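Colleague: Before I plan anything at the bench, could we go through this structure together, one question at a time?

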Amino acid sequence: MATLWSRWLPSILLVIVPNCFAPAPPALPSPPQCYIPCDETDYCADIHCSLNPRPDPELNTTYSLHWAQANSTEEHVLNGTTFFWIIYRENFNRGELHVWVQAKDEHGSAKSQNASFDTDNINKLPPPKLSSVSHQESLEIFWTFFCEEHQLPFGDCDVRYRTEEDIVWTESKKVLNLRYAVESPQASTLYEFQVRCSCEKGLKSDWSEIHPVRSKEEAPEGELDVWRDCGTSQESCDCVVTWKELPKAQARGDIQGYEVRLSYNSDPGQRNLSTAVACEKKICHFNSSLRNVSSVSVSAYNTCGATSASYLALPTPGCDRVKNGQRKHTSEPAVHLVMNEENLTVSWEPSSQGSDPQKEHVVEYKQAGCPPGQGFDWIKVNKGLRTGIFEGPFKKYTAYQVSLFTVSNSNKVHHLSSVIGYSFQGPPPRVPSFKVSSIAATHVILFWESIPLRRQRGEILYYQLIVESGADRQNVFNVSVSPQQKNQTFELPGLSPGQDYEVRIRAVTPAGPGANETTKFKTKHHEHFEHIIPVVFGIFFLAVTGICICFAFYGACRGENKTWCLSVSLTKVPDARNSQIFRHMKHQMNDSFPWICIPVHEPHPKISLLEVVEVQPWASVEKISNTDRSTNLAPKSGCSRADCRDDQREEAGPEESHRYGREEYSQMVDSDEERDGEEEDRADGWSSSEEWSASGYEKHFMPTALEVQEV
């Protein structure tokens, strides 16, 4: 038995398998839909049939329309490549018809179900014609239909409408009148209406053409969403006031303009400014400086009225930073960003409550480098929520600063935190203006400009410095970023004197490092200033000390202190007051350079002329004049030689003592030797009036009479 089954199995499979995989006949088509179109007059003739839904035209299948009268076996056929057929009036009789569709291809054919109808019930009149009228309280439309022209009673209508902002129609069925009203429409809103109708017998007409109607305009309602665009600096003097256009439901008409009122710190009054307003993409901004402005209020108006004023308080004074003029909270909440090219999601942690209760949070983003009013948007979030979502698009490699604020019940704004976000990051550009600002023997100071935020292409993590010397040594330094500094410096330590160096700098983002910027320099050689400076200070100190001593000595040597000065500086030297040479020098110094204590040398000074005379014991010393006008004074009785000289000096007067033509030396007697000589004379019994004795000068410096005679 098994052998028999094994023999017959291949034959059975050869018969069954081809039948299982044989192509199937075409799918069963749907029944046709037929109607008789009528014009505005009583002309209804041909039958129009179509296949709906239509089959796939790519299939290699032909479709044909078949019909027959209800009481006849005669079949009529219409062939074609389309899915629309027309049965002309001469090819059928009024009454009941049976219509079907047949699909056929190389694998077989398929027939749809019959569509049976009375030709009098498939008349379709043209769509109604609409008119309208707008009232303050309602919006009403009217239309006309053509049942009377066809001697048919009116049936009913379907009405649908929508506003220009809606997609879905609002539909009302079986309207028995030729009018329809929309109660309490949105003010100054464009409505679109369509109507289709039918008579008691026949099909519904097609939908009429869209008929637009605008409702009456009313005064705008609500308040504007007012904020300020401070760029990325958050400095209020750089801010502009900005607001979003009212939705059409609130505008209730065409907005004619905006009224902006500025309140100044120095002026309690207000100023109305409505001209410097620019709007783009449903966001408007006011192009005017906010310097010294304490608050702003904005309202929109149309021909019927204006909105309530929206109030926004600004920091005081106007040009302080927002975070300084309106203090930030002591603990800044962390702000988290999830950002791509399509949307931006901002979330934050709850912040501490200030003395003024919070009304709402405001989240804003600003595209770096954009002028006021552009690349900017904000949303207001209820105080209980901690998430805000913005819709894009957001550009690649572009910095967006996201800031979080709170608004109190008194409309005061508090800046909480700001972060930078990117939808997609890339390597940064080259660092601008990299150079060496100061060079020493063992260190240098490097200077570079920070890459501007609008050109960063990604969040800069740090700046990397690569230092290379001629000895194939390489050091790498990572310098942290200071966002608030436009220029940055870095001291490069541990360098060798007199060495050539090359330094490369590049910025690094999460996407990687940027291009290098290079500078070269050579360190200075060591200069031993630490040894030279003490020597210079020592010499300077000695010089100053010497000058001070000279001035002090010169001051002590003036006037009556000259004798003391000579007695201190020159031991056993004759009294300089009796020297004509010194007097002559004194005159020259006093007349020309009183501040210079240096001797003025005469070209051929005359010290003295020695004349040896024999003096008799009884003879008194007389005044002897020589050719050089040198004189010897005979002492008077009752006075010492020094006193007599002083008396003679006083008698001579200033003319004698200051005269340049007198003898350079008359008699020099040291005061100490004079006193010693007087004591010796008293001891020997000699009287100064009785004999002449040699003065101290002659004793000390002049040869004796015996020495002269021996020569």
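Colleague: Which residue in β11 is the bridge partner of S131?

Modeller: Please keep in mind throughout that this is a predicted model. Strand β10, which covers residues 129-134, pairs with β11 in the antiparallel sense over 6 bridges, and S131 falls within that range of β10. Across from S131, the bridge partner in β11 is F142.

Colleague: How many residues lie between β10 and β11 in the hairpin they form?

Modeller: β10 ends at residue 134, while β11 runs over residues 138-144. The two strands form a hairpin, and the number of residues between them is 3.

Colleague: Which residue of β14 does I141 stand opposite?

Modeller: Besides β10, strand β11 also pairs with β14, which spans residues 179-183, and this pairing is antiparallel over 5 bridges. Within β14, the residue opposite I141 is Y180.

Colleague: Is β11 mostly covered or mostly open, and how many of its residues are buried?

Modeller: A residue counts as buried when its relative accessible area is under 20%. By that cut-off strand β11 is mostly covered, and of its 7 residues the number buried is 5.

Colleague: For the protein chain, what share of contacts between residues at least 6 apart in sequence join residues at least 24 apart?

Modeller: The chain has 711 residues, of which 36% count as buried, and it holds 10 helices and 40 strands. Among its contacts between residues at least 6 apart in sequence, the share joining residues at least 24 apart is 64%.

Technical notes. Residues are numbered from 1 along each chain as its sequence is written. This is a predicted model: local features need pLDDT of at least 70, side-chain atom pairs count only at pLDDT 80 or more; totals for chains, interfaces and linings use all residues. Side-chain values use heavy atoms; hydrogens and water are left out. Buried means under 20% relative accessible area, exposed over 50%, partly exposed in between (1.4 Å probe, protein chains only). Helices (H or I, at least four residues) and strands (E, at least two) are DSSP runs, numbered from the N terminus. Two strands pair if DSSP finds at least two bridges between them. Contact means heavy atoms within 4.5 Å.
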